[in-house]
Amino acid sequence: MTAALHLARPEDADRLDAIVAACHAEMGLATDPEARRASLAPLLDGSPYGAAYLVGPTRAPVGFIIVTFSWSLAAGGLEGTVDQLYVRPPVRGRGIATEVLLTLPPALAEAGLCALHLRIAPDDDRVRRLCARSGFAGEDGYVTMTRRLS
């Protein structure tokens, strides 16, 4: 299957929200529908802080990927972080996520990104293998630490 990527636009709000809601339900995240839609809206409106892509046919996406942007002196400029990548359970195991992670980075590099990061659970070997197949590697000596501000 070819994992076509489509930059999500305001007219995709309902489709994107539905698949994000399915992702969050599977992850056990209790998200308020209004808050979820409000957090997606800027991405659909062209926010410089991130982008949302639908995976598969635009009218019936099989997944999505959200990339956020920041600036890094160490990376040499603009960098991205995969906030969420999701593929619907019935089509998993077909290489769709691998294809997304192989296709999107060159397009982001053309747009000026110097690096693309993603966080994974330390004990999730399946996702670790997916990332390795897609050219991602851990940075020796670095651990992501977070301080929640709200």
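Let me start with one pairing in the sheet: strand β2, residues 50-55, and β3 run antiparallel, paired over 6 bridges. Two strands count as paired if DSSP finds at least two bridges between them. Helices (H or I, at least four residues) and strands (E, at least two) are DSSP runs, numbered from the N terminus.

Before going on, the provenance. This is a predicted model, where local features need pLDDT of at least 70 and side-chain atom pairs count only at pLDDT 80 or more, while totals for chains, interfaces and linings use all residues. Residues are numbered from 1 along each chain as its sequence is written, and side-chain values use heavy atoms, with hydrogens and water left out.

Back to β2 and β3. Gly-50 has Thr-68 as its bridge partner in β3, and Ala-52 has Ile-66. Ile-66 also looks the other way: its bridge partner in β4 is Gln-84.

β3 and β4 are joined by 10 bridges and run antiparallel. They form a hairpin with 4 residues between them, and Gly-76 in the turn has a positive phi of about 95°. Ala-74 is also in the loop between β3 and β4. With a relative accessibility of 80%, Ala-74 counts as exposed; the cut-offs are under 20% relative accessible area for buried, over 50% for exposed, and partly exposed in between, using a 1.4 Å probe and protein chains only.

Next, β4 and β5, which pair in the parallel sense over 4 bridges. Val-82 stands opposite Leu-118 in β5.

Now the whole sheet. It is open, has 5 strands in the order β1-β2-β3-β4-β5, and its pairing is mixed. The edges are β1 (5-7) and β5 (115-118), each with a single partner strand, so one side of each has no neighbour in the sheet. From one strand to the next the twist averages 30°. Helix α1, residues 13-27, packs on the sheet and touches β2, β3 and β4; its direction makes about 75° with that of β4. Axes here are lines fitted to C-alpha atoms, for helices over the stretch in contact, and angles run from 0 to 180 degrees between N-to-C directions. Contact means heavy atoms within 4.5 Å.

How many aromatic pairs does a search of the whole structure find? There is 1. Phe-64 and Tyr-86 form it, tilted, at 5.9 Å centre to centre with 35° between the planes. Phe-64 is in β3 (residues 63-72) and Tyr-86 in β4 (residues 77-87), so the pair ties together parts that are 22 residues apart in sequence. For the cut-offs: rings of Phe, Tyr and Trp (its six-membered ring) pair if their centres lie within 6.5 Å, with planes under 30 degrees apart called stacked, over 60 edge-to-face, and the rest tilted. Both Phe-64 and Tyr-86 are buried, and Tyr-86 is also the bridge partner of Phe-64 in β4.

On to the interior. A nonpolar core is a set of buried Ala, Val, Leu, Ile, Met, Phe, Trp, Tyr and Cys residues joined through side-chain atoms within 4.5 Å. The largest has 22 residues, of which Ile-65, Ile-96 and Leu-108 touch the most other members. Elements giving two or more residues to this core are β2, β3, β4, α3 (96-110) and α4 (125-133). The most come from α3, with 6 residues. Leaving aside neighbours within four places in sequence, Leu-108 is in contact with Tyr-53, Val-67, Phe-69, Leu-113 and Leu-116. Apart from the largest core lies another, of 14 residues, including Leu-16, Ile-19, Leu-44 and Phe-64.

Last, the cysteines. What number of disulfides does a search of the whole structure find? The search finds 0, a disulfide being a pair of cysteine sulfur atoms within 2.5 Å. For Cys-23, the nearest cysteine sulfur is that of Cys-131, 15 Å away. Cys-23 is buried, at 3% relative accessible area. Cys-114, at 44% relative accessibility, counts as partly exposed. Cys-114 and Ala-74 are 40 residues apart in sequence and 9.9 Å apart in space, C-alpha to C-alpha.
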